[in-house]
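Welcome! Here is a short tour for anyone meeting this structure for the first time.

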Amino acid sequence: MEEIKTPKKPILYYALIVLTIMLILNFFLLPKLTQPSYEEVSYGKFLEMVESGEISEVQIDGDVIYFKDGGDPAKFYRTGLMDDPELVNRLESAGITEYYSTIVEQTSPLVTFLVGWVLPLVFFVVVGRLLMNSLMKRMGGDGFGGNMMTFGKSNAKVYVQSTDGIRFADVAGEDEAKELLTEIVDYLHNPQRYAEIGANIPKGALLVGPPGTGKTLLAKAVAGEANVPFFSISGSEFVEMFVGMGAAKVRDLFKQANEKAPCIIFIDEIDTIGKKRDGVGAIGGNDEREQTLNQLLAEMDGFNASKGVIILGATNRPDSLDPALLRPGRFDRRIPVELPDLQGRIDILKVHARKVKMGDNVDFSVIAKMAVGASGAELANMINEAALRAVRNGRKYVTQNDLEESVEVVIAGYQKKNAILSDNEKRIVAYHEIGHALVAALQTNSAPVTKITIIPRTSGALGYTMQVDEDEHNLMSKTEIENKIATLTGGRIAEDLIFHSITTGASNDIEQATKLARAMVTRFGMTEEFGMVALETVTNQYLGGDTSLACSPETSTKIDELVVKVVRTQYEKAEGLLRSHMRELNALAQFLYEHETITGEEFMGLLNQLTTVDVKPAAEESPLTPTPSLFD
């Protein structure tokens with residue numbers, strides 16, 4: 001059973017406890033400690049001592065007389081007050097004039113030191129430490145006893161002998177990466193095999209790829225297979241407020257690793273500290289980052305790989321890393337962890353489906369085809385979304401329909417059940433989506449349509465047309481790109497042909513069509529005007545791909561003209577296709593309007609059926625008024 005941790009009390013809680021203790025000591029214990037001890041004497045003895053001049057001070061408090069002698073140290077006495085009218089005269093005769101003064105309390109020097117100095121000092125130290133602890137925790141540290149005293153200590157999490165139980169069998173879809181990492185595992189198991197022939201294992205391996213492809217998971221799997229300690233730390237944890245602290249953490253990390261060798265050091269998001277040095281000599285945070293990088297380079301040069309300390313790094317920005325970090329002898333091996341292919345997606349879905357109850361009708365190949373371009377993390381999310389949908393619908397297992405819907409949830413968002421389109425808007429969206437699907441179906445070298453829907457999604461889409469290639473494609477021809485641009489323009493063309501008006505619904509289509517056309521001109525060399533000339537560079541390819549033009553203003557103007565020309569040419573082609581198939585456009589849009597969602601098989605079946613049905617041309621009918629369905 002997991003232990004339930006008691007939440008920490010606020011600092012005011014402890015301060016009140018200390019203050020309460022101080023008050024109790026002050027009002028109860030302190031008077032008892034400082035109160036002098038009195039010797040009880042008779043009233044006659046008191047008078048004798050007055051007459052002999054032994055008494056130095058007298059205090060009358062009610063029916064009690066307190067007095068002390070003049071010895072060193074003084075002794076304190078107490079007696080009862082009698083009805084004696086001559087008492088004042090006797091005291092005056094003995095020279096005791098201040099007989100109403102307060103008797104000096106007899107206090108031990110040790111008690112005075114403890115109460116007057118030690119207790120207040122302890123109080124302020126405790127309260128001060130609690131305040132400092134709270135302050136450092138708010139600053140992101142581990143408190144007075146942790147952060148202030150652990151500057152320069154690495155915050156690496158240590159997973160000894162793969163406590164997570166992750167093995168290569170738990171990582172699917174990255175066979176090439178696993179094959180390259182298997183050699184590292186074999187070296188950690190049998191280093192003598194490599195020492196006999198004189199081979200040196202790479203000191204470091206850099207995992208590069210898009211987010212969510214399993215770089216961290218692969219690193220843990222290496223440690224799990226090798227059964228060695230695994231130090232995991234993020235690059236951002238080296239960045240500190242004070243210059244030099246990041247370098248100290250690097251030294252401490254490698255010191256710990258050498259003590260636990262053989263082991264694996266995994267630095268996630270290494271680009272945080274490994275960016276290219278600009279050489280300007282900047283101060284502040286940039287200077288701290290460069291010092292940390294320099295220390296990392298020095299440590300990688302200094303440690304002996306034969307001890308079995310392997311460094312794994314992960315990044316999705318390899319182009320931003322310093323060249324010194326990537327040279328041989330440091331990160332010798334670069335391991336790409338790309339988006340999975342079709343078979344890889346099938347294997348990943350099966351791995352994540354092990355923990356979920358699946359129905360007998362589940363076909364992972366269909367789901368994998370629908371999820372083109374999905375990462376391993378997204379595929380895992382699809383399985384989870386399908387399981388959640390099955391629970392919402394009261395089923396004990398996941399069906400094929402659940403998985404197909406989960407793909408749409410990850411790609412386009414949840415269905416907006418409370419989003420109600422007006423009748424006019426619903427028809428516009430129906431014609432828009434059929435325009436896309438019909439242009440795609442009427443072209444060769446175009447992906448088949450698998451689903452059309454006009455149900456709004458939380459992503460903002462009022463509808464969408466899904467196309468899925470039957471086979472995996474790694475290359476796109478010029479014809480395929482042009483057909484894709486034509487398909488993207490089909491929605492706007494359908495709106496214009498039927499309603500003689502255009503809406504904002506094609507904004508995303510316009511963006512994608514323009515992006516493809518510009519890539520044809522500037523990156524793919526698919527125009528006669530420029531040929532095989534690179535006019536645009538791409539950076540951060542794993543994070544969406546930022547582009548920047550590398551040409552003159554005149555050339556940039558020419559590029560814009562060619563982009564417009566490419567899109568316009570495909571627009572005119574798609575318009576010609578739709579004008580020659582107005583009957584099919586109207587009939588299919590009406591069917592989609594009535595049913596809201598149709599599959600690719602239904603769409604193609606209806607399209608083929610239309611070629612044999614003799615009906616009045618739908619172009620003469622008003623698209624805003626319902627007409628009898630051709631397929632009832």
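## Helix 15 and helix 19

Helix 15 and helix 19 lie oblique to each other, because an angle of about 125 degrees between them is neither over 145 nor in the range from 65 to 115. Helix 15 covers residues 423-441 and helix 19 covers residues 582-595, and their axes are 8 Å apart. The crossing of helix 15 past helix 19 is right-handed. Keep in mind as you look at this pair that the model is predicted.

Which residues of helix 15 meet helix 19? On the helix 15 side they are Asp-423, Lys-426, Arg-427, Ala-430, Tyr-431, Glu-433, Ile-434, Gly-435 and Leu-438. Their counterparts in helix 19 are Glu-584, Leu-585, Asn-586, Leu-588, Ala-589, Leu-592 and Tyr-593. Sorted by class, this contact of helix 15 with helix 19 has nine nonpolar, two polar and five charged residues.

## Leu-442, in the loop after helix 15

Follow the chain onward from helix 15 and you come to Leu-442, which sits in the loop between helix 15 and strand 11. Is Leu-442 buried or exposed? The answer falls in between: its relative accessible area is 27%, and since buried means under 20% and exposed over 50%, Leu-442 counts as partly exposed.

Leu-442 also has partners from elsewhere in the sequence. Setting aside neighbours within four places in sequence, Leu-442 is in contact with Leu-577 and His-581. The C-alpha atom of Leu-442 is 9.3 Å from that of Ala-574, although these two residues are 132 residues apart along the chain.

## Strand 11 and its partners

On the other side of that loop is strand 11, made of residues 449-453. Four of the five residues in strand 11 are buried, so the strand is mostly covered.

Strand 11 pairs with strand 12 (residues 464-467) in the antiparallel sense, over four bridges. One place to look is Lys-451, whose bridge partner in strand 12 is Met-466. Strand 11 also runs antiparallel to strand 15 (residues 597-599), and three bridges join these two. Here Thr-453 has Thr-597 in strand 15 as its bridge partner.

## Helix 16 and helix 17

Another helix pair to look at is helix 16 (residues 478-499) with helix 17 (residues 507-522). Their axes are 9 Å apart, and they pack at an angle of about 160 degrees. Angles over 145 degrees count as roughly antiparallel, so that is how helix 16 and helix 17 are described. Helix 16 passes helix 17 in a left-handed crossing.

From helix 16, the residues taking part are Lys-478, Ile-481, Glu-482, Lys-484, Ile-485, Leu-488 and Arg-492. They meet Asp-509, Ile-510, Gln-512, Ala-513, Leu-516, Ala-517 and Met-520 in helix 17. The contact of helix 16 with helix 17 comprises eight nonpolar residues, one polar residue and five charged residues.

## A four-stranded sheet

Now turn to an open sheet of four strands, which has mixed pairing and the order 1-4-3-2. Why do strand 1 (39-40) and strand 2 (55-61) each have one side without a neighbour in the sheet? They stand at the edges, each with a single partner strand, so one side of each is left free of a neighbour there.

Strand 3, residues 64-69, is joined to strand 4, residues 76-80, by five bridges, and the two run antiparallel. Strand 3 is also antiparallel to strand 2, with six bridges joining them. Phe-67 shows both pairings: Val-58 stands opposite Phe-67 in strand 3, and in strand 4 the bridge partner of Phe-67 is Tyr-77. Lys-68, in turn, stands opposite Phe-76 in strand 4. Five of the six residues of strand 3 are buried, so strand 3 is largely enclosed by the rest of the structure. In the hairpin of strand 2 and strand 3, two residues come between the strands, and Gly-62 takes a positive phi near 70 degrees.

## The whole chain

Stepping back, the protein chain contains 20 helices and 15 strands. How many of its residues count as buried? Of the 632 residues, 42% do. Among contacts between residues at least 6 apart in sequence, 72% join residues at least 24 apart.

Terms used:
Residues numbered from 1 in each chain as written. Predicted model: local features only at pLDDT ≥ 70, side-chain atom pairs only at ≥ 80, totals over all residues. Heavy atoms only, no water. Axes fitted to C-alpha atoms, helices over the stretch in contact; angles between N-to-C directions. Parallel < 35°, antiparallel > 145°, perpendicular 65-115°, else oblique. Left-handed = near helix turned anticlockwise from the far one by under 90°. Contact = heavy atoms within 4.5 Å. Nonpolar A, V, L, I, M, F, W, Y, C, P; charged D, E, K, R; others polar. Pairing = 2+ DSSP bridges. Buried < 20%, exposed > 50% of the residue type's maximum accessible area, 1.4 Å probe, protein only.
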